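Student: I would like to go through this structure by question and answer. Where should we start?

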Amino acid sequence: PISLYQGRHYVPKHNDERLCIRQRESKHDYRAVSATGRYRGAYQFSPELGVGAAWMIQKELKRQGVADDQAEAIGADLRAHPVNQWAPVYQDMAFWLVWDDGKGRSHWNHTVPGTGCW
């Protein structure tokens, strides 16, 4: 499946890795909550990573030309909710922003050994 986010941070050659991570983290369930309750969403973001990603999304929305007040409202709404309550498009967008063309792969480093993702 193709990413719901197709903006400038989307890298088609990394889509298979994204799908592998999403499968390993949540079995593709955008509403997923880890057994400990700490990690949430399709990509199992910690609360801190979710807040950081929401700031990144807000900034990216502004860069895309979304009105400042609307981008800020979306960012505030995302920060006010755990990632598993975000719309799937924002979870995919968050993945690509954090992934940063592979530079952010360490956020999912526990999935690397033996997963076939890399």
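Tutor: Start with a definition: a residue is buried when its relative accessible area is under 20%, exposed when it is over 50%, and partly exposed in between. Note also that this is a predicted model.

Student: Is serine 34 buried or exposed?

Tutor: Serine 34 sits in the loop between α1 and α2. Its relative accessible area is 17%. The cut-off for burial is under 20%, so serine 34 is buried.

Student: Which backbone nitrogen lies 3.3 Å from a polar atom of the side chain of serine 34?

Tutor: Leaving aside neighbours within four places in sequence, serine 34 is in contact with Tyr39 and Gln44. The 3.3 Å pair instead joins a polar side-chain atom of serine 34 to the backbone nitrogen of arginine 38.

Student: What is the phi of glutamine 44, and where does this residue lie?

Tutor: Most residues other than glycine have a negative phi. Glutamine 44 is not a glycine, yet its phi is positive. At 11% relative accessibility, this residue counts as buried. Glutamine 44 lies in the loop between α1 and α2, and its phi is about 55 degrees.

Student: Lysine 27 also has a positive phi. Is lysine 27 buried or exposed?

Tutor: Lysine 27 lies in the loop between α1 and α2, with a phi near 55 degrees. Its relative accessible area is 64%. The cut-off for exposure is over 50%, so lysine 27 is exposed.

Student: Which backbone oxygen does the side chain of arginine 40 reach?

Tutor: Arginine 40 is in the loop between α1 (15–26) and α2, and at 24% relative accessibility it counts as partly exposed. Beyond four places in sequence, arginine 40 touches Ala32, Val33, Phe45, Pro82, Val83 and Asn84. At 3.2 Å, its side chain reaches the backbone oxygen of glycine 37.

Student: How far apart in space are arginine 40 and serine 26?

Tutor: The two residues are separated by 14 residues in sequence. From C-alpha to C-alpha, arginine 40 and serine 26 are apart by 8.7 Å.

Student: Is asparagine 84 buried or exposed?

Tutor: Asparagine 84 belongs to the loop between α3 and α4. Its contacts beyond four places in sequence include Tyr30, Arg40 and Gln91. With 6% relative accessibility, asparagine 84 counts as buried.

Student: Which helix supplies the largest share of the largest nonpolar core?

Tutor: That core has 26 residues, and those with the most contacts inside it include Tyr43, Phe45 and Trp108. At least two residues of this core come from each of α2 (47–63), α3 (68–79) and α4 (88–99). The largest share is 7 residues, and it comes from α4.

Student: Are α2 and α3 roughly parallel or antiparallel?

Tutor: Their axes are 9 Å apart, and the packing angle is about 165 degrees. The residues that meet include Val51 and Leu61 in α2, and Ala71 and Leu78 in α3. The crossing is right-handed. Angles over 145 degrees count as roughly antiparallel, so α2 and α3 are roughly antiparallel.

Student: How are α2 and α4 set relative to each other: roughly parallel or perpendicular?

Tutor: Among the residues that meet are Leu49 and Ile57 in α2, and Met93 and Leu97 in α4. The axes come within 9 Å and cross at roughly 95 degrees. Angles of 65 to 115 degrees count as roughly perpendicular, so α2 and α4 are roughly perpendicular.

Methods: Residues are numbered from 1 along each chain as its sequence is written. This is a predicted model: local features need pLDDT of at least 70, side-chain atom pairs count only at pLDDT 80 or more; totals for chains, interfaces and linings use all residues. Side-chain values use heavy atoms; hydrogens and water are left out. A nonpolar core is a set of buried Ala, Val, Leu, Ile, Met, Phe, Trp, Tyr and Cys residues joined through side-chain atoms within 4.5 Å. Buried means under 20% relative accessible area, exposed over 50%, partly exposed in between (1.4 Å probe, protein chains only). Helices (H or I, at least four residues) and strands (E, at least two) are DSSP runs, numbered from the N terminus. Contact means heavy atoms within 4.5 Å. A polar contact is a pair of N or O atoms within 3.5 Å; within protein, one must be able to donate a hydrogen and the other to accept it, and residues adjacent in sequence count only if both atoms are side-chain atoms. Axes are lines fitted to C-alpha atoms, for helices over the stretch in contact, and angles run from 0 to 180 degrees between N-to-C directions. Angles under 35 degrees count as roughly parallel, over 145 as roughly antiparallel, 65 to 115 as roughly perpendicular and the rest as oblique. A crossing is left-handed if the near helix is turned anticlockwise from the far one by less than a right angle, and right-handed if clockwise.
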